[in-house]
Amino acid sequence: ATSSRPMKPAENDKIRAQTQAPATETAVAKDGVTFYVNSKNGVSALTIEQLRAIYEGDITNWKQVGGKDETLVLYSRENSSGTYVFVKDHLLNGGDFAANAQTLAGTAAVVNAIAKEPRGIGYGGAAYAKGIKELKVQVGNDAVDASAENVKSGKYPLSRDLYFYTRNKRSNDLQRFVDFCLSPEGQAIVTTVGYYPLK
């Protein structure tokens, strides 16, 4: 299985009950969860606190964060998404999303909605940011983007690993596949598709 968040203990307990062993977690790539806005939006960076206030519903107008006097249109992922869980845990500290956040079924749908809605804001993996603008995260005096260097160093505050989960005892074919993904050739593919290699 592939996942953009760590497996929960209860999930691993189910695997253990079915297979008599825990699942094996293997990080295969790095990613930066980024917040998208329409390319016409004048806002280029927000703090973690501002992003949290937006997604909790406390900030509802772009003028509150230096933009135009326009109502924010919030887009989110469905609650089965690993990215949704990451944002809930790491941005909202486990709290609830604003009630007016529109839930979309995939990151591509979020990007498509943002491209059409000048007042919109959404989030997803860095690899999907095509035709829209990625917001930088303001950290002190620095506006930090989700570049490979910033994600790998942890300077970008919404960095994460992407995982494979496998049975504890892998078949030979599966082990060869995992080894390939972690090889220089496999990690080059990670870069080609828009994510970041582990090293």
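Gln20 counts as exposed in this predicted model, with a relative accessibility of 64%. The residue is found in the loop that connects α1 (9–19) to β2. Although Gln20 is not a glycine, its phi is positive, at about 65 degrees. A positive phi, of about 55 degrees, is also computed for Asn93, another residue that is not a glycine. Asn93 is found in the loop between α3 (82–90) and β5 (102–104), and its relative accessible area of 57% places it among the exposed residues, because exposed means over 50%.

A further loop position is Gly131, which is placed between β6 (120–125) and β7 (133–134). Gly131 is exposed, and its relative accessible area amounts to 62%. In sequence, Gly131 is separated from Val111 by 20 residues, while the C-alpha atoms of the two lie 7.9 Å apart in space.

With regard to the overall fold, the protein chain comprises seven helices and ten strands. Its radius of gyration is 18 Å, close to the 16 Å that the globule rule gives for 199 residues, so the chain is as compact as a globular protein of that length. Taken along the principal axes, the box filled by the C-alpha atoms is roughly 60 × 35 × 30 Å. Buried residues make up 45% of the 199 residues of the protein chain. Among contacts with a separation of 6 or more, 70% are accounted for by residues 24 or more positions apart.

The surface exposed by the protein chain is about 10,400 Å², of which carbon and sulfur atoms supply 49%. The protein chain carries 24 positive and 21 negative side chains. The centres of these two sets of charges lie 3 Å apart.

Helix α7 spans residues 184–192, and its buried residues are Gly186, Gln187 and Val190. Viewed down the axis of α7, these buried residues fall within an arc of 95 degrees, so they line one face of the helix. The buried residues of α7 pack against two elements, β2 (24–37) and α6 (172–182). On the face of α7 turned away from the buried side are the exposed residues Pro184, Glu185 and Thr192. After α7 comes Gly194, for which phi is positive, near 105 degrees.

Conventions: Residues are numbered from 1 along each chain as its sequence is written. This is a predicted model: local features need pLDDT of at least 70, side-chain atom pairs count only at pLDDT 80 or more; totals for chains, interfaces and linings use all residues. Side-chain values use heavy atoms; hydrogens and water are left out. Helices (H or I, at least four residues) and strands (E, at least two) are DSSP runs, numbered from the N terminus. The radius of gyration is taken over C-alpha atoms; the globule rule is 2.2 Å times the number of residues to the power 0.38. Buried means under 20% relative accessible area, exposed over 50%, partly exposed in between (1.4 Å probe, protein chains only). Contact means heavy atoms within 4.5 Å. Accessible areas come from the Shrake-Rupley method with a 1.4 Å probe; for residues, only the protein chains shown count as cover. Lys and Arg count as positive and Asp and Glu as negative; His and the chain ends are not counted. The place of a charge is taken as NZ of Lys, CZ of Arg, CG of Asp or CD of Glu. The arc is that of the directions from the helix axis to the C-beta atoms.
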